[in-house]
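These notebook entries record what I looked up, step by step. I began with an irregular spot in a loop and then worked outward to the chain as a whole.

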Amino acid sequence: METYELEALEAVTTRPARAYKTLTAERITPVLGAEISGVDLSEELSAEQRAEIVTAFHDHHVLVFRDQTITVEDHKRFASVFGEPRPVNPPPPEGDPHVLEIRTTSAAANVAGNGWHADGTADAEPSLGSMLYITEIPEPGCGGDTLFANMHLAYEMLSPAMRSLLDPLTAIHDGAQALQGYVPPADYVIPRSEHPLIARHPETDRRLLYVNKAYTSRIPQLSAQESEALLGMLFDTIASRPLLHCRVRWTPNTLVFWDNRCVQHHATYDYYPYARYGRRVAINGGPVKG
């Protein structure tokens with residue numbers, strides 16, 4: 001690796017471990033993710049627990065809570081620690097409007113999220129994050145792992161010259177691109193927004209790469225050919241650099257909470273023809289900053 005890449009990686013991997021009083025955080029990789037224990041999400045959290053979970057979230061970006069038996073109301077209560085639960089868009093035909101059911105049947109030729117993306121970035125105000133709670137895993141007892149990628153580190157490991165090129169640019173995020181092959185409801189208004197290509201996290205102020213293959217269609221400051229080439233390189237960087245990634249293996253009654261602003265994810269569909277089930281609650285949090 002180049003010197004600037006090693007320096008970016010070292011800055012993340014050499015962070016001292018944080019001491020917590022109410023929970024334990026065990027890193028999944030040196031750069032992304034932590035398994036959290038000592039917390040029961042079926043109970044009301046204390047102020048100290050809430051504060052320490054928020055701190056762990058900012059440190060690790062992906063938090064994994066295992067062996068949690070929670071109701072829909074418990075799920076939404078935990079989401080409310082971070083902000084207002086976000087309505088599902090388009091809304092579900094029945095049930096709670098803030099809960100997206102994730103159900104894969106044995107007949108599914110593909111599943112939503114089977115590709116690198118961040119949720120809903122075509123919206124003017126993308127979500128703060130998502131909490132996915134899986135209760136049923138594929139029959140073999142494995143499969144359907146979710147991969148996550150650190151967009152802070154993706155930016156920091158670019159060359160200084162590339163960062164200087166990207167810093168002032170914006171990108172168009174188009175919901176129609178993510179809907180290819182799907183037919184949305186007749187009254188659904190397809191979102192389309194323009195965001196900074198290099199954004200700042202609204203709470204930590206760290207820069208991050210803010211493009212994803214599912215939604216990002218064009219860099220308007222460049223020609224169509226230049227935009228396609230540059231976005232293709234960035235998409236490939238995200239997908240082809242394993243050191244940016246962590247992998248979460250699902251077990252029944254696991255809740256995973258990720259920061260949608262600085263993390264991309266990929267739902268692996270390696271369990272056909274088996275089924276799985278879970279539910280997701282997303283959280284409002286306002287847009288990233290330029």
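**Entry 1. Proline residues and cis bonds.**
I located Pro273 in the loop between strand S15 (263–267) and strand S16 (276–283). I then checked the bond that precedes Pro273: Tyr272 and Pro273 are joined by a cis peptide bond, with omega about 10°. I note that the model is a predicted one, and the cis assignment is therefore a feature of that prediction. A second case turned up at Pro90, where the peptide bond from Asn89 is cis, with omega near 0°. Pro90 lies in the loop between strand S4 (85–86) and S5. As background, I recorded that most peptide bonds are trans.

**Entry 2. Positive phi.**
I next looked up backbone angles. Most residues other than glycine have a negative phi. Asp205 has a phi near 70°, a positive value in a residue other than glycine. I placed Asp205 in the loop between strand S10 (198–200) and strand S11 (207–209). Its relative accessible area is 36%, so Asp205 is partly exposed. Asn253 also has a positive phi, near 65°. Asn253 is found in the loop between strand S13 (245–248) and strand S14 (254–259). I read a relative accessibility of 25% for Asn253, which therefore counts as partly exposed.

**Entry 3. Trp116.**
Is Trp116 buried or exposed? The relative accessible area of Trp116 is 13%, which makes it buried, since the cut-off for buried is under 20%. I found Trp116 in the loop between strand S5 (100–104) and strand S6 (129–136). I listed its contacts, leaving aside neighbours within four places in sequence. They include Leu147, Phe148 and Ala149, then Lys213 and Ala214, then Ile238 and Ala239. His245, Gln264, His265 and His266 are also in contact with Trp116. For a distance across the fold, I took Trp116 and Thr216: they are 100 residues apart along the chain, and their C-alpha atoms are separated by 11 Å.

**Entry 4. Nonpolar cores.**
Which residues have the most contacts inside the largest nonpolar core? I found Phe148, Leu197 and Leu209, in a core of 46 residues. Helix H7 (residues 224–240) gives the most to this core, with five residues. Apart from this core lies another, of 24 residues, among them Ile53, Phe82, Phe257 and Val281. I then looked at Leu197 more closely, again without neighbours within four places in sequence. Its contacts include Leu166, Leu169, Thr170 and Ala171. Leu208, Leu209, Tyr210 and Val211 also touch Leu197, as do Ile219 and Leu234.

**Entry 5. Helix H2.**
I looked up two residues of helix H2. Ala47 lies in this helix, which covers residues 47–60, and Asp59 has its place there too. Ala47 has 54% relative accessibility and so counts as exposed. Asp59, at 17% relative accessibility, counts as buried. Leaving aside neighbours within four places in sequence, I found Asp59 in contact with Arg15, Arg18 and Tyr20. Ala47 and Val81 are 34 residues apart in sequence, and I noted 9.8 Å between their C-alpha atoms.

**Entry 6. Helix H1.**
Thr3 is found in helix H1 (residues 3–13). Its relative accessible area is 54%, so I entered Thr3 as exposed. Thr3 and Ala239 are 236 residues apart in sequence and 22 Å apart in space, C-alpha to C-alpha.

**Entry 7. The chain as a whole.**
I counted seven helices and 16 strands in the secondary structure of the protein chain. The radius of gyration is 19 Å, close to the 19 Å that the globule rule gives for 290 residues, so the chain is as compact as a globular protein of that length. Along the principal axes, the C-alpha atoms fill a box of roughly 50 × 50 × 35 Å. Of the 290 residues, 49% count as buried. Among contacts between residues at least 6 apart in sequence, 81% join residues at least 24 apart. The accessible surface comes to about 13,500 Å², and 51% of it belongs to carbon and sulfur atoms. I closed with the charges: the chain has 25 positive and 37 negative side chains, and the centres of the two sets lie 3 Å apart.

Notes
Residues are numbered from 1 along each chain as its sequence is written. This is a predicted model: local features need pLDDT of at least 70, side-chain atom pairs count only at pLDDT 80 or more; totals for chains, interfaces and linings use all residues. Side-chain values use heavy atoms; hydrogens and water are left out. A nonpolar core is a set of buried Ala, Val, Leu, Ile, Met, Phe, Trp, Tyr and Cys residues joined through side-chain atoms within 4.5 Å. Buried means under 20% relative accessible area, exposed over 50%, partly exposed in between (1.4 Å probe, protein chains only). Helices (H or I, at least four residues) and strands (E, at least two) are DSSP runs, numbered from the N terminus. Contact means heavy atoms within 4.5 Å. The radius of gyration is taken over C-alpha atoms; the globule rule is 2.2 Å times the number of residues to the power 0.38. Accessible areas come from the Shrake-Rupley method with a 1.4 Å probe; for residues, only the protein chains shown count as cover. Lys and Arg count as positive and Asp and Glu as negative; His and the chain ends are not counted. The place of a charge is taken as NZ of Lys, CZ of Arg, CG of Asp or CD of Glu.
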